[in-house]
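I set aside this notebook page for a structure that I wanted to read slowly, from the whole chain down to single residues. My notes follow the order in which I looked things up.

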Amino acid sequence: MDRIIGVNTIDLGGGRRGFRGKDTVAGIPGTELAATWHNAIQEEIVRLIEICGGTPSNVNLTQLALAVQSGALNFAVATGTANAWIFTLPLAPLAYALGLPFDFVAPATNTSTTVNINAGALGNQRAKKRDGTDPAIGDLASGTLYRAVYDGANIRILTPLPSDVQSAINTMPIYPAIDGTGKLTVTAGSGNVVVATAESWLWRGIK
């Protein structure tokens, strides 16, 4: 839809058309209420209600709010192959826009670190982890619900993935030991790290 069309509109600034009230005393006519404009408003609102699963009703005045609340416009049960996914959305986006969100169910478990997503027939975009790196093989599981967002270049999956958890485990301290100099050392997945002297740990009440 567009701003009001018809005769006797006013300029709200920047070329934005607005309504002018009728002034009978001064002989100033009001804005013509064109049927085309009213029908556009009606169809914009009703179409949103219908796409989101509602049935237009004259007695329910919360339908527009419920349609917005539903989140249905950005949800897809993806189809495609293990590494090439297709999102068919209730209403195809005009373009990939920064911040465009997606909630989707994966169609298959990925067998490659390169996973392409085609949302709304807009073309392929790479699926990335939250930090912008490629997912590990098997990170994205068939039938699992994920939340993602377009970052301007890729579709980042915000849901924590198995490789994220494994990475966190690999950096956790596992084997503490005190060497001959009295230093406490922990062996972690990333190597040995000197944490503190034994005396400082005892001073803190850690035995």
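The entries below begin with the whole chain and then turn to its parts.

**Entry 1: the whole chain.** I first noted that this is a predicted model, so I treat every value below as computed from that model. I counted the secondary structure and found 4 helices and 13 strands in the chain. I then looked up burial, and of the 207 residues in the chain, 26% count as buried. The accessible surface comes to about 12,900 Å², and carbon and sulfur atoms hold 59% of that surface. For contacts with a separation of 6 or more, I found that 46% join residues 24 or more positions apart.

**Entry 2: the nonpolar core.** Which residues have the most contacts inside the largest nonpolar core? I found that this core has 21 residues, and that Trp85, Phe87, Phe102 and Ile157 are the ones with the most contacts inside it. Looking up where the core residues come from, I saw that β5 (84-87), β6 (101-105), β7 (116-119), β9 (145-150) and β10 (155-157) each supply at least two of them, and that the largest share, 3 residues, comes from β9. I added a general remark from my reading, that nonpolar side chains in soluble globular proteins tend to be buried together. To see one member in detail I chose phenylalanine 102, which, when residues up to four places away in sequence are not counted, touches Asn74, Phe87, Leu89, Tyr96, Ala119, Tyr146, Arg147, Ala148 and Ile155.

**Entry 3: threonine 31.** Is threonine 31 buried or exposed? I located threonine 31 in the loop between β2 (17-18) and α1 (35-51), and I recorded it as buried because its relative accessible area is 11%, under the 20% cut-off. A polar atom of its side chain lies 2.6 Å from the backbone nitrogen of arginine 20. Leaving aside neighbours within four places in sequence, I listed the contacts of threonine 31 as Ile4, Val7, Asn8, Thr9, Gly18, Phe19 and Arg20.

**Entry 4: helix α1.** I checked the length of α1 against expectation: at 1.5 Å a residue its 17 residues should span 24 Å, and since the C-alpha atoms at its ends are 24 Å apart, the two values agree. The buried residues of α1 are Trp37, Ile49 and Ile51, and α2 (63-70) is included in what covers them. After α1 comes glycine 53, which has a positive phi near 95°.

**Entry 5: salt bridges.** How many salt bridges does the structure hold? I found 7 salt bridges, and I followed some of them in turn. One joins arginine 17 to aspartate 2, with the closest N and O atoms 3.2 Å apart; because arginine 17 lies in strand β2 and aspartate 2 in the segment before β1 (10-11), the pair ties together parts that are 15 residues apart in sequence. Arginine 17 is partly exposed at 31% relative accessible area, and aspartate 2 is partly exposed at 47%.

Another salt bridge brings together the side chains of aspartate 164 and lysine 129, at 3.1 Å from N to O. Aspartate 164 lies in helix α3 (residues 162-170) and lysine 129 in the loop between β8 (124-128) and β9, so this pair ties together parts that are 35 residues apart in sequence. I noted with care that aspartate 164 and lysine 129 are both buried.

I also looked up aspartate 151 and arginine 156, whose side chains meet in a salt bridge at 2.7 Å from N to O. Aspartate 151 counts as partly exposed at 26% relative accessibility, and arginine 156 counts as partly exposed at 27%. Elsewhere, Arg126, Lys128 and Asp134 are joined into one network by salt bridges that share partners.

**Entry 6: backbone angles.** Last, I looked for positive phi values outside glycine. Asparagine 8, which is not a glycine, has a positive phi of about 70°; its place is in the segment before β1, and at 29% relative accessibility it counts as partly exposed. Alanine 121, also not a glycine, has a positive phi of about 60°; I found alanine 121 in the loop between β7 and β8, where it counts as exposed at 71% relative accessibility.

Terms used
Residues are numbered from 1 along each chain as its sequence is written. This is a predicted model: local features need pLDDT of at least 70, side-chain atom pairs count only at pLDDT 80 or more; totals for chains, interfaces and linings use all residues. Side-chain values use heavy atoms; hydrogens and water are left out. A nonpolar core is a set of buried Ala, Val, Leu, Ile, Met, Phe, Trp, Tyr and Cys residues joined through side-chain atoms within 4.5 Å. Buried means under 20% relative accessible area, exposed over 50%, partly exposed in between (1.4 Å probe, protein chains only). Helices (H or I, at least four residues) and strands (E, at least two) are DSSP runs, numbered from the N terminus. Contact means heavy atoms within 4.5 Å. Accessible areas come from the Shrake-Rupley method with a 1.4 Å probe; for residues, only the protein chains shown count as cover. A polar contact is a pair of N or O atoms within 3.5 Å; within protein, one must be able to donate a hydrogen and the other to accept it, and residues adjacent in sequence count only if both atoms are side-chain atoms. The expected span of a helix is 1.5 Å times one less than its number of residues. A salt bridge is a side-chain nitrogen of Lys or Arg within 4 Å of a carboxyl oxygen of Asp or Glu.
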